[in-house]
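Got a minute to go through this fold together? Here are some questions you might ask at the bench, with the reasoning behind each answer.

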Amino acid sequence: MLNKGVLLLLCCLILGCVNQTDKKNGITINENTEWTRSWIVNTNDTKLPKVLIVGDSHVERYYGIVASNLESYASCSKFTTSKSLGDPIFIEQLELVLKQYTFDVISFNNGLHGEDYPIEAYSKYVPIAYNLLNKNAKKSVIWVNSTAIRDKNNLNEFAPRNKQIIERNKYLTNFTKENNIPLIDFYSNTAHNLNYYTNDGVHFNNEGVKIEATLITQEIAKKLNLNLE
């Protein structure tokens, strides 16, 4: 029989292997409230090109405007979630959507959630997500960087976590340039305009949402060779 010391050593070795596996494959760090929504329209219509907009609560707010802008030109769907790059479950969720449907253009906006994922975990999943999107998009993948986070107690100042947003956006800038991926720079277009922010310092009011929707609409129209005027 094994003595207690040997058993303890074996347990430590097993736990060590499990932890290494977790680090290699990625771990899920849940937020207090998790949510996922998909809205796929005109699945059987082959007349209009199909667009998918992927992202978080910002996408939830501007999706309706983009879909309305493109109504006569494209079928615009959405997949939104609180999951972040860095979380392997997010990739699995995205895979499930893309297994069922194909799209001409996919717009991808992920970066505000997942505060607990360091840049190493976040950046690891960027090429994985892109390869998945690129296999599905017939014409183009459009990447969208993240908006700034302001201090909800003093909107004149950026929140401490905004440093993480800048770090992630910097990585995305380099990645998209290296891979010739269109990048919509939400950060530069909105970060310094306080009139776009709600009191939480994260989300946008109607004016800010309209700016986001306009930038997204213009890039999608460009990729689909649409004349919206």
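**Strands, then helices**

Strand β1 (residues 36–39) runs antiparallel to β3, and four bridges join the two. Keep in mind that this is a predicted model.

Q: What makes β1 and β3 count as a pair of strands?
A: Pairing takes at least two bridges, and β1 and β3 have four bridges, so they qualify. One of the matches puts W39 with K78 as its bridge partner in β3.

Q: How do you know that β2 pairs with β3 too, and in which sense?
A: Six bridges link strand β2 (residues 50–55) to β3, in the parallel sense. The cut-off is at least two, so six bridges is enough for a pair. Here K78 in β3 turns up again, this time opposite I53.

Q: Why is β3 called largely enclosed?
A: Strand β3 covers residues 75–81, and seven of its seven residues are buried, so the rest of the structure largely encloses it. Both faces fit that picture: S75, S77, F79 and T81 point one way, C76, K78 and T80 point the other way, and all are buried.

Q: Why is S57 called buried?
A: Its relative accessibility is 17%. Buried means under 20%, so S57 makes the cut. S57 belongs to helix α2 (residues 57–69). Setting aside neighbours within four places in sequence, S57 is in contact with W35 and H203.

Q: Why are α3 and α4 called roughly parallel?
A: The axes of helix α3 (residues 88–100) and α4 cross at roughly 0°. Angles under 35 degrees count as roughly parallel, so that is what α3 is to α4. Their axes come within 11 Å.

Q: Which residues make the contact of α3 with α4?
A: From α3 you get P88, I91, L94, E95 and L98, which meet Y125, I128, A129, L132, L133 and N136 in α4. Sorted by class, that contact has nine nonpolar residues, one polar and one charged.

Q: What is the angle between α4 and α5, and how are they handed?
A: Helix α4 (residues 119–136) and helix α5 (residues 162–178) pack at about 35°, and their axes are 11 Å apart. The crossing of α4 past α5 is right-handed.

Q: Which residues meet where α4 packs on α5?
A: On the α4 side they are I119, Y122, S123, V126, P127 and Y130, and on the α5 side E167, R168, Y171, L172 and F175. By class, the contact of α4 with α5 splits into eight nonpolar, one polar and two charged residues.

Terms used. Residues are numbered from 1 along each chain as its sequence is written. This is a predicted model: local features need pLDDT of at least 70, side-chain atom pairs count only at pLDDT 80 or more; totals for chains, interfaces and linings use all residues. Side-chain values use heavy atoms; hydrogens and water are left out. Axes are lines fitted to C-alpha atoms, for helices over the stretch in contact, and angles run from 0 to 180 degrees between N-to-C directions. A crossing is left-handed if the near helix is turned anticlockwise from the far one by less than a right angle, and right-handed if clockwise. Contact means heavy atoms within 4.5 Å. Ala, Val, Leu, Ile, Met, Phe, Trp, Tyr, Cys and Pro count as nonpolar, Asp, Glu, Lys and Arg as charged, and the others, Gly among them, as polar. Angles under 35 degrees count as roughly parallel, over 145 as roughly antiparallel, 65 to 115 as roughly perpendicular and the rest as oblique. Buried means under 20% relative accessible area, exposed over 50%, partly exposed in between (1.4 Å probe, protein chains only).
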